[in-house]
Amino acid sequence: MNPVLVEVWRGNAIESEHAGALAVLDADGGVLLALGDIDRPVFPRSAVKALQALPLVESDAADRLALNDDELAIACASHNGEPDHVRTAAGMLAKAGVDEGVLECGTHWPYADAAVRELASSGRSPTALNNNCSGKHAGFVCLACALMGWNDSGLDLRQFVKGYVKPEHPVMREVADALQSTTGFDLDKAPRGTDGCSIPTYGIPLRHLARAFARFGSGVGLREGQARAARRLRAAVAKSPFMVAGTDRFDTVVMQRFGERVFCKVGAEGMYCAALPEHGLGVAIKISDGNNARAAEVVMAAVVESLVATEGDEQAFMRRYSDFRLKNWNGIEVGALRATPDLRKALVSATAPRRA
């Protein structure tokens with residue numbers, strides 16, 4: 001059974017508890033910390049978008065289309081659907097010579113309230129560009145340009161891209177290859193489902209996900225082209241962290257503060273993955289009950305707080321997320337979300353040899 005990693009306090013009593021599993025590994029598979037079952041396959045969902053974006057850069061698509069930092073960052077994103085996100089994803093498609101009509105991610109209202117009000121007040125409805133995965137899907141379309149030979153074969157991009165979310169499509173085969181080669185996990189034997197944006201999602205153990213992100217952060221264990229792609233994506237995200245999530249989102253605010261020292265990415269149903277390049281470590285988290293915006297962020301904040309060398313007020317900055325104060329609608333503090341003492345103790349023990 002997975003241990004409790006997060007406590008929800010109401011007043012001076014624990015109201016709820018969130019159990020989960022946590023893996024911190026290096027690129028060679030060495031385990032710095034393992035809590036809970038890190039060998040059970042879990043669906044990482046959007047937490048692996050950076051790995052899914054590797055073929056975009058490893059191919060010549062990013063170079064041929066002159067994708068900028070904003071565009072590479074949004075290819076790794078679960079964004080709010082704010083105007084800048086919409087413009088950036090649309091710009092990627094324009095460079096490929098198509099529009100949002102080719103996107104197969106589906107349509108939903110933006111996550112950001114201000115963006116919802118702006119659309120509604122203008123009488124407009126959301127499009128696929130507002131979908132939190134539109135940047136990732138725009139990246140898939142750009143990758144398709146490279147896979148079809150830049151029209152040299154006489155193929156029409158719209159026809160070639162059609163059905164790109166299916167497992168057998170060349171685009172998804174490249175994406176699956178990137179996942180398999182970075183995680184070292186045989187996807188043919190993995191559980192497979194369909195993600196919220198309609199692409200395949202594979203069940204991969206936290207052990208393999210953490211190692212993959214250690215590789216993503218260090219380049220160790222990646223082929224040369226992938227290592228180069230990982231460096232470029234990390235640099236782009238560090239320069240444009242707003243594109244990865246948006247206003248007031250955890251991933252954005254943490255990477256705005258830490259730059260290339262932290263790459264972190266949330267996934268649905270309590271998933272989180274991160275690369276800590278300075279230490280050559282990768283992190284993978286699964287909250288058992290799927291609690292995402294609350295419990296998973298608390299655990300990731302505690303990990304960053306403990307494992308990343310902090311400067312100035314960075315320790316206090318992260319403590320606001322690992323010991324998150326809850327307020328009601330009147331602004332009265334009513335409780336907190338806290339990393340458990342056992343989690344903090346395990347993190348201290350894991351880092352003790354490095355601090356000695």
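This is a short tour of a predicted model, with a residue or element to select at each stop.

**Stop 1: strand β8 and its partner**

Begin by selecting residues 263–267, which make up strand β8. Five of the five residues here are buried, so the strand is largely enclosed by the rest of the structure. Show the side chains and look along the strand: F263, K265 and G267 point one way, while C264 and V266 point the other way. Residues on both sides are buried.

Now add residues 271–276, strand β9. The two strands run antiparallel and are joined by five bridges. To see where they face each other, pick G267 and look across to M271 in β9, which stands opposite. The strands form a hairpin, with three residues between them. In that turn, select E269, whose phi is positive at about 60°.

**Stop 2: helix α12**

Select residues 250–258, helix α12, and within it T252. How buried is T252? Its relative accessible area is 2%, and since under 20% counts as buried, T252 is buried. To see some of what surrounds T252, display P241, F242, V244, A245 and G246. T252 touches each of these residues, leaving aside residues up to four places away in sequence.

**Stop 3: the cysteines**

How many disulfides does a search of the whole structure find? It finds zero. Select C145 and C142 to look at one case. The sulfur of C142 is the closest cysteine sulfur to that of C145, but at 5.8 Å it is too far for a bond. C145 is buried, with a relative accessible area of 7%.

Return to C264 from the first stop. C264 is in no disulfide either, and the nearest cysteine sulfur, which belongs to C273, is 11 Å away. C264 is also buried, at 0% relative accessibility.

**Stop 4: helix α9**

Select residues 170–183, the 14 residues of helix α9. At 1.5 Å a residue the helix should span 20 Å, and its end C-alpha atoms are 20 Å apart, which agrees.

Next, colour V171, M172, V175, A176, A178, L179, T182 and T183, which are buried. Turn the view to look down the axis of α9. Where do its buried residues fall? They lie within an arc of 155°, so they line one face of the helix. An α-helix has 3.6 residues a turn, so residues three or four places apart point the same way. Just after the helix comes G184, which has a positive phi near 70°.

**Stop 5: two loops with positive phi**

Most residues other than glycine have a negative phi. Two residues to select here do not follow that pattern.

Select R45, in the loop between β4 (41–42) and α1 (49–52). R45 is not a glycine, yet its phi is positive, at about 50°. Its relative accessibility is 21%, so R45 counts as partly exposed.

Then move to S198, in the loop between β5 (192–194) and β6 (200–202). The phi of S198 is also positive, near 90°. S198 counts as partly exposed, at 32% relative accessibility.

**Stop 6: salt bridges**

Side chains of opposite charge can pair when their charged atoms come close. The structure holds 20 salt bridges.

Start with E15 and R10, whose closest N and O atoms are 3.1 Å apart. E15 is partly exposed at 46% relative accessibility, and R10 is partly exposed at 44%.

Go on to D39 and R207, whose side chains meet in a salt bridge of 2.6 Å, N to O. D39 lies in the loop between β3 (31–35) and β4, and R207 lies in helix α10 (residues 206–218), so the pair ties together parts that are 168 residues apart in sequence. D39 is partly exposed at 43% relative accessibility, as is R207 at 28%.

Another pair to select is R223 and E58, with 2.7 Å from N to O. This pair links distant parts of the chain, 165 residues apart: R223 is in the loop between α10 and α11 (224–239), and E58 is in helix α2 (residues 54–58). Both are partly exposed, R223 with a relative accessible area of 38% and E58 at 27%.

End the tour by selecting D323, R325, E333 and R338. Salt bridges that share partners join these four residues into one network.

How values were computed. Residues numbered from 1 in each chain as written. Predicted model: local features only at pLDDT ≥ 70, side-chain atom pairs only at ≥ 80, totals over all residues. Heavy atoms only, no water. Buried < 20%, exposed > 50% of the residue type's maximum accessible area, 1.4 Å probe, protein only. Helix = DSSP H or I, 4+ residues; strand = E, 2+ residues; numbered from the N terminus. Pairing = 2+ DSSP bridges. Contact = heavy atoms within 4.5 Å. Disulfide = S-S within 2.5 Å. Expected span 1.5 Å × (residues − 1). Arc of directions from axis to C-beta.
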